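Work through the exercises below with the sequence and the model open. Each task is followed by a worked solution.

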Amino acid sequence: MRPCPTWLATLLFFIQHSEMKHNIDDPTSRHHHRHRHKLADTYEYNPYYPVPDFQNIYLDKGIDFDIVAIDNESKNEWVNIPSDQISELKDKKHQHWPIKREAVIEGDLVLGGLMMVHERSENMTCGPVMPQGGVQPLETMLYTLDIINHKLKLIPGVVIGAHVLDDCDRDTYGLEMAVDFIKGSISNIDDAEYACNATAMRKVISGVVGAASSVTSVQVANLLRLFKIPQVSFFSTSPELSNKARFEYFTRTIPSDLHQVRAMVEIVKKLGWSYVSIIYEESSYGIKAFEELEALLARNGICIAVKEKLVKDSGVADESSYDDIVQKLLTKPRARGAIIFGSDQEVAGVMRAVERANATHSFSWVGSDGWSARALVSDGNERAVEGTISVQPQANDVIGFKEYFLGLNMKNNRRNPWFVEFWEHHFQCRYAGSPRTPYNGHYERRCSGMERLTVDNTEFERQLQFVSDAVMAFAYAISYNETDTGTSIEIMVSYEKTSTDKFKED
């Protein structure tokens with residue numbers, strides 16, 4: 001981390017447009033579809049994309065590519081799933097939800113990626129697609145790899161690939177997905193080789209980018225350390241992960257919550273509050289922060305009126321649970337200031353309950369980075385969140401990413417197997433040939449193919465720099481160590497970024 005991480009307090013007086021959501025189904029049966037980076041002739045030129053001529057670049061390096069021409073008439077062009085399997089998905093109505101997909105870019109060295117592409121769900125393993133916290137970080141990772149491989153060319157003659165999976169913001173499911181990352185390490189013990197089939201060999205994962213959630217990172221880190229696979233998270237801020245005796249192969253590019261908690265207490269002091277309530281989520285992210293908050297507030301003579309816990313690790317709370325929390329807050333009329341340390345999905349439930357209780361002017365919120373500036377929270381709850389002071393780590397825009405992302409469409413983004421779900425959710429339409437999911441069945445309008453992402457209809461995640469930094473950390477570590485293909489790498493404790501400042505592990 002930076003020696004003195006800077007946090008921004010952002011006053012959210014008017015919340016912008018939200019991003020829409022949708023969903024997924026039964027975990028009892030899952031298909032595994034390997035989704036490779038197959039561009040070349042399929043690539044539709046995007047002026048902001050770093051390198052349009054993928055075919056020549058990759059083939060020159062001896063990397064195998066499947067060349068698939070775009071057929072505008074095809075109804076199944078959006079993803080590499082055989083038509084018989086698509087029909088099966090339609091006929092059996094979500095029995096195969098969630099479909100296990102992976103975004104794969106072939107390379108000499110391969111980085112694993114664990115993203116929360118979907119929300120959690122109470123009744124299903126995975127919930128609706130998550131545009132800001134899931135799809136955008138995934139695209140940031142892929143975009144940064146393009147920059148590393150084709151523009152910066154940090155490692156001459158070596159292409160860094162990717163194997164990205166979805167953890168659905170659920171620690172147990174994320175741990176299950178992470179098993180894929182160790183298969184290569186297991187199979188290469190004593191020079192053995194693990195074969196998925198007769199032609200495809202499992203490569204060793206050199207390192208893992210992710211997870212986003214602290215609780216998932218804790219689980220995954222405990223697995224990866226057994227195989228000495230380094231892990232760099234971009235959103236996991238729990239102080240628990242700073243314990244190097246337990247997590248010696250884990251590091252992160254975002255500051256620990258200890259800095260965030262101190263900033264929140266300073267805000268409370270500046271506002272002159274002496275009596276506040278605290279709502280925190282049931283996870284290592286929320287519990288550790290609450291313990292630090294409680295101690296710091298007491299040290300500064302600030303009393304706590306109500307302490308309430310948001311369900312997360314044990315499931316997804318129903319709406320009545322959020323109603324109960326709001327009613328408890330209302331029983332303390334002198335404590336209108338409230339600190340909420342939680343994730344967007346849980347805090348959105350609180351704000352809906354505030355709206356239902358007609359208590360939108362009853363509270364002044366101080367929010368953590370897990371939910372501030374997220375459309376999932378603000379969508380439909382604008383009155384409830386108005387005036388929120390949110391704390392976020394200082395982050396800069398990833399140069400060129402906004403233009404890159406806005407230039408994506410269903411023709412030129414075949415490497416992201418979840419992009420069709422994002423597209424349907426974003427434009428509230430059904431894409432031709434896409435299988436039915438638990439969340440797109442109600443879309444009556446057909447996607448025309450003429451839809452476009454614009455600055456007016458797209459809300460961007462503000463902390464994408466940390467995703468890019470995580471990928472860059474691996475790239476610089478690989479370039480410094482000159483590691484052979486397929487072997488583990490050691491993350492450098494510090495590296496100098498190509499921009500201006502230096503990044504250091506906390």
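**Exercise 1.** In this predicted model, find which residue of strand E13 stands opposite Gly 367, then decide how strand E12 runs relative to E13.

Solution. Gly 367 faces Ser 390 of E13. Strand E12 covers residues 364–367 and is joined to E13 by two bridges. The two strands run parallel.

**Exercise 2.** Decide whether strand E13 is largely enclosed or not.

Solution. Start with the side-chain directions: Thr 388, Ser 390 and Gln 392 point one way, while Ile 389, Val 391 and Pro 393 point the other way. Residues on both sides are buried, the cut-off being under 20% relative accessible area. Six of the six residues in 388–393 are buried, so E13 is largely enclosed by the rest of the structure.

**Exercise 3.** Identify which two residues touch the most other members of the largest nonpolar core, and which element supplies its largest share.

Solution. The core has 55 residues, and Met 141 and Phe 405 touch the most other members. Elements giving at least two residues each include helix H3 (131–152), strand E4 (109–115) and helix H14 (465–481). H14 gives the largest share, nine residues.

**Exercise 4.** Classify the packing of H3 and H14 as parallel, perpendicular or oblique.

Solution. The helices pack at about 40 degrees, and their axes are 8 Å apart. An angle under 35 degrees would count as roughly parallel; H3 is therefore oblique to H14. Their crossing is right-handed. Among the H3 residues that meet H14 are Met 141, Leu 145 and Ile 148. Beyond its neighbours within four places in sequence, Met 141 is in contact with Val 467 and Val 471, among others.

Note on methods. Residues numbered from 1 in each chain as written. Predicted model: local features only at pLDDT ≥ 70, side-chain atom pairs only at ≥ 80, totals over all residues. Heavy atoms only, no water. Core = buried A, V, L, I, M, F, W, Y, C linked by side-chain atoms within 4.5 Å. Buried < 20%, exposed > 50% of the residue type's maximum accessible area, 1.4 Å probe, protein only. Helix = DSSP H or I, 4+ residues; strand = E, 2+ residues; numbered from the N terminus. Contact = heavy atoms within 4.5 Å. Pairing = 2+ DSSP bridges. Axes fitted to C-alpha atoms, helices over the stretch in contact; angles between N-to-C directions. Parallel < 35°, antiparallel > 145°, perpendicular 65-115°, else oblique. Left-handed = near helix turned anticlockwise from the far one by under 90°.
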